[in-house]
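The exercises below concern empty space and ligand contacts. Work through each task before reading its solution.

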Amino acid sequence: MRGFELYDATTVKEAVDLLGKYSGRTVKVVGGGSDIVGGVMKDWVQGKGMPLPEVLIDITTIKDIVGIKTDGGGTTIGAATTLSDIIDNKDLVSKLPVLTNAALSVASPLIRNFGTLGGNINQRPRCWFFRGEDFNCYKKGGDFCYAVTGDNRYHAIIGGELCYIVHPSDTSTALLALNASAKIAGTGGERTVAFDDYFTGPRVDVLRENVLKPNEFMTHVTIPNPASGTKFGWTKLKDRQVYDFALISVAAVFTVSGGNWQDGRITVGGVSPVPYRAKVVEDFLKGKDIKATAKQAAAQIRTVARPMSLNSYKVDLAQGLIERTILDALG
Ligand SMILES: Cc1cc2nc3c(=O)[nH]c(=O)nc-3n(C[C@H](O)[C@H](O)[C@H](O)COP(=O)(O)OP(=O)(O)OC[C@H]3O[C@@H](n4cnc5c(N)ncnc54)[C@H](O)[C@@H]3O)c2cc1C
Ligand code: SF4
């Protein structure tokens with residue numbers, strides 16, 4: 001591992017000032033460091049799209065962005081809050097169980113104890129060519145996608161073009177279903193971006209996965225209070241029954257009136273370069289009897305899926321898991 005400079009910021013302003021001060025060098029914020037220090041810098045994954053950071057700014061030392069607040073307006077979670085603190089929070093268990101369950105399905109207890117929400121949402125993809133040192137693919141600034149001709153069994157089945165990663169973050173799939181927003185701070189000021197617009201695909205810029213500029217970082221995630229009686233579902237299917245990334249995950253958050261779908265969101269992880277909102281499924285369910293329609297609604301995912309040479313099995317899994325998650329949420 002190459003050496004790096006480390007600065008502990010104690011306020012958001014201090015972190016922003018440091019981002020500005022070192023903007024001529026490769027500077028990144030660090031949460032728990034489980035990916036950026038333990039993975040990226042150890043694995044020597046380098047290239048234009050994955051430069052080895054020279055300066056790290058620790059943001060877990062900023063008290064204002066650690067912790068969870070719930071009130072009449074909704075829930076605010078500091079980006080430097082650990083996944084374990086999210087799992088253990090009683091308010092979240094009762095108000096937003098889909099987030100608790102998604103966080104609980106991430107990695108191992110050890111990683112969840114120091115891995116942060118911001119780190120989980122903003123972690124870089126896990127494509128094995130991207131993480132391997134011998135493959136200078138598009139995402140690293142090269143001129144080829146090795147997944148097109150290589151082993152693509154874990155890659156995208158929806159929305160992949162140019163690059164076929166699947167977004168690795170479980171909490172992002174749940175937060176998209178909860179209609180969350182990201183608060184962002186940077187040298188240009190503060191802004192709020194809905195999760196619907198936060199994640200960006202390879203056609204926007206193959207070198208990144210979200211709207212963050214190099215001099216910005218996420219400070220908080222806000223989640224509106226769900227309507228009373230909202231149903232929640234979370235299912236994650238993994239290849240190995242130990243800690244593992246999602247083959248497919250599904251989050252369902254919806255309201256029901258007399259057994260019929262009123263309003264809500266179905267989101268799917270493990271299928272696309274961004275956490276995927278399955279509007280085709282939501283639209284099909286609108287106003288209909290959920291129990292009677294769930295199977296047909298889940299099958300709508302086939303209309304948008306474009307599997308690669310080795311991953312058409314994921315289309316079947318996604319369809320089955322969407323149906324199961326909707327019915328589980330219904331109870
Ligand atoms: C063995 C293993 C298994 C895993 N399994 C899963 C899994 O099943 N599901 C899953 O979702 N994840 C999984 N992960 C990923 C793990 O959850 C993340 O590594 C962790 O959540 C990242 O948190 P961190 O705080 O340590 O991030 P860091 O390593 O500190 O940061 C990760 C990235 O995010 C950026 N970043 C951090 N905080 C912010 C912020 N506030 N604003 C902007 N950018 C930021 C950093 O610059 C860096 O690029 C796994 C990781 C490992 C090592
Ligand atoms: S899927 Fe993306 S990250 Fe993986 S090899 Fe292709 S371009 Fe690189």
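**Exercise 1. State how many residues line the largest cavity, which lie nearest its centre, and how the lining divides by class.**

Solution. The largest cavity has a lining of 14 residues, and nearest its centre are C127, C137, C145, C163 and Y164. The model is a predicted one. By class, the lining of the largest cavity consists of 12 nonpolar residues, 1 polar residue and 1 charged residue. The space inside the largest cavity comes to about 90 Å³. Searching the whole structure for cavities of 30 Å³ or more gives 1.

**Exercise 2. Decide whether C137 is buried or exposed, do the same for C163, and state how many disulfides the structure holds.**

Solution. Begin with the cut-off: a residue is buried under 20% relative accessible area. C137 has a relative accessible area of 7%, so C137 is buried. C163 is also at 7% relative accessibility and therefore counts as buried. Next, a disulfide needs a pair of cysteine sulfur atoms within 2.5 Å. The count of disulfides in the structure is 0.

**Exercise 3. Describe the second largest pocket by its volume, its lining and its residue classes.**

Solution. The second largest pocket encloses about 400 Å³ of space. Its lining has 22 residues, and those closest to the centre of the pocket are R126, Y154, V166, F245 and A246. Sorting the lining of the second largest pocket by class gives 11 nonpolar, 7 polar and 4 charged residues.

**Exercise 4. Find which residues come nearest to ligand 1, then examine the contacts that oxygen atoms of ligand 1 make with G31, S34 and I36.**

Solution. There are 34 residues around ligand 1, and V29, G31, G32, S34 and T116 come nearest. Take the contacts one at a time. For S34, a polar side-chain atom is 2.6 Å from an oxygen atom of ligand 1. For G31, a backbone N or O atom lies 2.7 Å from a ligand 1 oxygen. For I36, a polar backbone atom lies 2.8 Å from an oxygen atom of ligand 1. Finally, consider the surface: ligand 1 taken alone exposes 960 Å², of which the protein buries 93%.

Notes
Residues are numbered from 1 along each chain as its sequence is written. Chains are lettered from A and ligands numbered from 1 in the order in which they are written. This is a predicted model: local features need pLDDT of at least 70, side-chain atom pairs count only at pLDDT 80 or more; totals for chains, interfaces and linings use all residues. Side-chain values use heavy atoms; hydrogens and water are left out. Buried means under 20% relative accessible area, exposed over 50%, partly exposed in between (1.4 Å probe, protein chains only). On a 1 Å grid over the protein atoms alone, a cavity is a set of points where a 1.4 Å probe fits but cannot get out, and a pocket is an open set with protein on both sides within 12 Å along at least five of seven lines; lining residues have an atom within 4 Å of a point. Grid points are joined across faces, edges and corners, and a volume is the space filled by probe spheres set on the points. Ala, Val, Leu, Ile, Met, Phe, Trp, Tyr, Cys and Pro count as nonpolar, Asp, Glu, Lys and Arg as charged, and the others, Gly among them, as polar. A residue is near a molecule or strand if one of its heavy atoms lies within 4 Å of it. A polar contact is a pair of N or O atoms within 3.5 Å; within protein, one must be able to donate a hydrogen and the other to accept it, and residues adjacent in sequence count only if both atoms are side-chain atoms. Accessible areas come from the Shrake-Rupley method with a 1.4 Å probe; for residues, only the protein chains shown count as cover.
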